[in-house]
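Open the model in your viewer and keep the selection box at hand. The tour below goes from stop to stop, saying what to select and what is there.

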Amino acid sequence: MSFSERLKADAALIEARLQAVLADRADQPVTHAMRYAVQGGKRLRGFLVLEGARMLGLPEDRAISAAAAVEALHAYSLVHDDLPCMDDDDLRRGQPTVHRKWDDATAVLAGDALQTLAFELLCDPALGSGEVRVALVAGLARASGIDGMVLGQALDIAAETASRPLTLEQITALQAGKTGALIGFAAEAGALIAGADPAPLRRYAAALGLAFQIADDILDVTGDEAKTGKRVKKDAQAGKATFVSLLGLDGARARAAELIAEAEAALDPYGARALNLIEAARFVIARET
């Protein structure tokens with residue numbers, strides 16, 4: 001199976017797991033909004049969970065709940081990021097954002113519920129022993145909370161009203177939280193479930209997460225809204241400092257390529273077993289969405 005076929009197959013598995021766990025919940029607008037919010041997307045974070053587990057010899061059913069958990073957490077972050085008090089976006093994955101399709105209050109509650117659903121999914125006994133599940137819960141909490149994604153988002157909001165643009169070092173630190181922390185958890189989760197050393201995957205994820213954000217900055221400049229499924233050129237309109245504004249378009253592309261080379265090198269201990277993760281890294285800077 002090629003990388004693109006594997007990515008699509010994993011996306012379908014994760015979608016099915018998320019919709020199944022939401023199927024018997026209360027018939028309320030907030031539940032419908034949750035189901036809507038988890039539809040579509042590349043599922044790259046969930047793919048990293050499943051592929052890391054497969055690479056270490058585990059079947060997909062051992063890791064599917066962790067893959068669904070990280071995608072539920074990611075969906076919550078997108079629902080909240082799109083709100084008028086945050087990024088104020090009308091389009092996500094080619095569809096109206098949750099607060100536009102419903103209302104602000106429903107979007108807030110749907111995001112809250114998706115966040116808690118993520119931790120419910122990490123309690124699945126199929127993931128392993130109690131110690132393994134606690135490690136997964138703690139890892140996702142760190143990645144998504146004030147030491148990770150939330151901190152990165154807070155720094156991003158603060159930067160919008162700062163008296164001077166962020167430096168390259170500051171943007172790198174901001175994005176390590178906003179984007180990189182959750183990608184880092186996703187990449188390490190398979191090793192946690194398998195009881196393996198997560199260090200090589202941690203190094204892989206650190207480079208991959210930063211390359212992912214640089215690619216996002218490039219897409220904001222060069223992307224087609226019809227392909228990306230979201231508004232583009234919003235960073236320049238907001239006057240935000242980005243990797244492109246600081247490095248230039250060619251410099252940003254070069255830096256992203258350097259990071260992908262670092263990510264690939266981190267996978268050397270796994271040899272040919274890491275081929276799909278290598279392809280995932282290359283996909284990150286070649287994608288159009």
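Start with Arg 45 and Phe 212: the charged end of Arg 45 sits over the ring of Phe 212, 5.2 Å from the ring centre. Keep Phe 212 selected and add Arg 287, which lies over the face of that ring at 3.9 Å from its centre. Before moving on, note that this is a predicted model.

**Stop 2: aromatic pairs**

How many aromatic pairs does the count come to? The count comes to three aromatic pairs. Select Phe 3 and Phe 283 and look at the two rings. They form a tilted pair, with 5.6 Å centre to centre and 55 degrees between the planes. Phe 3 belongs to helix H1 (residues 3-22) and Phe 283 to helix H14 (residues 275-286), so the pair ties together parts that are 280 residues apart in sequence.

Is Phe 3 buried or exposed? Phe 3 is buried, since its relative accessible area is 11%, and buried means under 20%. Phe 283 has 21% relative accessibility and counts as partly exposed.

Next select Tyr 36 and Trp 102. The centres of their rings are 5.2 Å apart and the planes stand at 75 degrees, so this pair is edge-to-face. Tyr 36 is in helix H2 (residues 29-37), while Trp 102 is in the loop between helix H5 (98-101) and helix H6 (104-121); the pair links distant parts of the chain, 66 residues apart. With a relative accessibility of 16%, Tyr 36 counts as buried. Trp 102, at 26%, counts as partly exposed.

Now go back to Phe 3 and Phe 283 and add Phe 47 to the selection. Ring pairs link Phe 3, Phe 47 and Phe 283 into a cluster.

**Stop 3: a pocket**

Show the surface and find the second largest pocket, which has a volume of about 310 Å³. To centre the view, select Ala 181, Gly 184, Phe 185, Glu 188 and Arg 202; of the 17 residues lining the second largest pocket, these lie nearest its centre.

Which helices each supply at least two residues of the lining? Colour helix H7 (130-144), helix H9 (168-194) and helix H10 (199-222), as each of them does. H9 gives the most to the lining of this pocket, with nine residues. By kind, the lining residues divide into eight nonpolar, six polar and three charged.

**Stop 4: two backbone angles**

Most residues other than glycine have a negative phi. The next two residues depart from that pattern.

Select Arg 43, which is not a glycine yet has a positive phi of about 60 degrees. Arg 43 is found in the loop between H2 and helix H3 (44-55). Its relative accessibility is 3%, so Arg 43 counts as buried.

Then select Asp 88, also not a glycine, with a positive phi of about 55 degrees. Where is Asp 88 found? Asp 88 is in the loop between helix H4 (60-81) and strand S1 (91-92). At 35% relative accessibility, Asp 88 counts as partly exposed.

**Stop 5: cysteines**

How many disulfides does the structure hold? The structure holds zero disulfides. Select Cys 85 and Cys 123 to look at how accessible they are. Cys 85 is exposed, because its relative accessible area is 64% and exposed means over 50%. Cys 123 counts as partly exposed, with 46% relative accessibility.

**Stop 6: two distances**

For the last stop, switch to a C-alpha view and use the distance tool. Select Val 150 in helix H8 (residues 149-160). At 36% relative accessibility, Val 150 counts as partly exposed. Draw a line from Val 150 to Arg 202: their C-alpha atoms are separated by 20 Å, and the two residues are 52 residues apart along the chain. Arg 202 was also one of the residues nearest the centre of the second largest pocket.

Then select Val 284, which lies in helix H14. Is Val 284 buried or exposed? Val 284 is buried, with a relative accessible area of 0%. Draw a second line from Val 284 to His 99: the C-alpha to C-alpha distance is 28 Å, and the two are 185 residues apart in sequence.

Note on methods:
Residues numbered from 1 in each chain as written. Predicted model: local features only at pLDDT ≥ 70, side-chain atom pairs only at ≥ 80, totals over all residues. Heavy atoms only, no water. 1 Å grid on protein atoms, 1.4 Å probe; cavity = no way out; pocket = protein on both sides within 12 Å on 5 of 7 lines; lining within 4 Å. Points joined across faces, edges and corners; volume = space filled by probe spheres on them. Helix = DSSP H or I, 4+ residues; strand = E, 2+ residues; numbered from the N terminus. Nonpolar A, V, L, I, M, F, W, Y, C, P; charged D, E, K, R; others polar. Phe/Tyr/Trp six-rings, centres within 6.5 Å; stacked < 30°, edge-to-face > 60°. Buried < 20%, exposed > 50% of the residue type's maximum accessible area, 1.4 Å probe, protein only. Lys NZ or Arg CZ within 6 Å of the ring centre and 35° of its normal. Disulfide = S-S within 2.5 Å.
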